Amino acid sequence: GGLLALLAQEDKADKFGELEVERELVRFSSETLFYILLPPIIFKSGYDMQGQCFWANIDKIVSLAFLGTSVSAFIVGAGF
């Protein structure tokens, strides 16, 4: 990323198309975050959680899971 930015800045006339390449590499969409980066982060956090911490918070975990599933089912069922 840094070298590419340096090359794009040096080539003001953009003879080699670095600006287009940089835009494609640096572009960061919400889909990238939600579908690629977030699931492994959540999995790693859950995998590393101590058992006593998990069981101490089981009521919050179950209530959020139930609420999230209910809201999702409602939204999908309503056709939003």
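**Exercise 1. Decide whether F54 and W55 are buried or exposed, and describe how their rings are arranged.**

Solution. Begin with F54, which has a relative accessible area of 30% and is therefore partly exposed, since that class lies between the cut-offs of 20% and 50%. Turn next to W55, which at 61% relative accessibility counts as exposed. This is a predicted model, and in it a search of the whole structure finds 2 aromatic pairs. One of them is the stacked pair of F43 and Y47, whose ring centres are 5.9 Å apart with 20 degrees between the planes. F54 and W55 also form an aromatic pair, this one edge-to-face, at 5.0 Å centre to centre and with 80 degrees between the planes.

**Exercise 2. Locate F43 and Y47 in the secondary structure, and state how many residues apart they are.**

Solution. Both residues belong to helix α3, which covers residues 30–48, and they are 4 residues apart, about one turn of the helix. An α-helix has 3.6 residues a turn, so residues three or four places apart point the same way. As a last step, consider the surroundings of the two rings: F43 and Y47 are both exposed.

**Exercise 3. Find the salt bridge of the structure and describe the setting of its two partners.**

Solution. A search of the whole structure gives 1 salt bridge, and its partners are K44 and D48, with the closest N and O atoms 2.8 Å apart. Side chains of opposite charge can pair when their charged atoms come close. Both K44 and D48 lie in helix α3, where they are 4 residues apart, about one turn of the helix. For the exposure of each partner, take the relative accessible areas in turn: K44 has 48% and is partly exposed, and D48, with 41%, is partly exposed as well.

**Exercise 4. Compare the span of α3 with the span that its 19 residues should give, and say where α3 bends.**

Solution. At 1.5 Å a residue, the 19 residues of α3 should span 27 Å, and because the end C-alpha atoms are 26 Å apart, the two values agree. The helix nevertheless has a bend of about 45 degrees at L38, with a proline, P39, following within four residues.

**Exercise 5. Name the residues of the nonpolar patch on the surface, and examine F34 as one of its members.**

Solution. The patch is made of L33, F34, Y35, I36, L37 and I41, which together have about 640 Å² of accessible area. F34 lies in helix α3, and its relative accessible area of 49% is the reason why F34 counts as partly exposed.

**Exercise 6. Describe the protein as a whole, and then follow helix α5 to the residue after it.**

Solution. The secondary structure comes to 5 helices and 0 strands, so that, read from the N terminus, the elements run α-α-α-α-α. Of the 80 residues in the protein, 5% are buried, while the accessible surface comes to about 7,100 Å², with 69% of this area belonging to carbon and sulfur atoms. Helix α5, residues 58–78, has 21 residues and reaches 30 Å from its first C-alpha to its last, close to the 30 Å expected at 1.5 Å a residue. After α5 comes G79, whose phi is positive, near 80 degrees.

Definitions and conventions: Residues numbered from 1 in each chain as written. Predicted model: local features only at pLDDT ≥ 70, side-chain atom pairs only at ≥ 80, totals over all residues. Heavy atoms only, no water. Phe/Tyr/Trp six-rings, centres within 6.5 Å; stacked < 30°, edge-to-face > 60°. Helix = DSSP H or I, 4+ residues; strand = E, 2+ residues; numbered from the N terminus. Buried < 20%, exposed > 50% of the residue type's maximum accessible area, 1.4 Å probe, protein only. Areas by Shrake-Rupley, 256 points an atom, 1.4 Å probe, with all protein chains shown as cover. Expected span 1.5 Å × (residues − 1). Bend = angle between axes of the 7 residues up to and from the residue. Salt bridge = Lys/Arg side-chain N within 4 Å of Asp/Glu carboxyl O. Patch = residues over 30% accessible without salt bridge, like charges linked within 9 Å, V, L, I, M, F, W, Y side chains within 5 Å.
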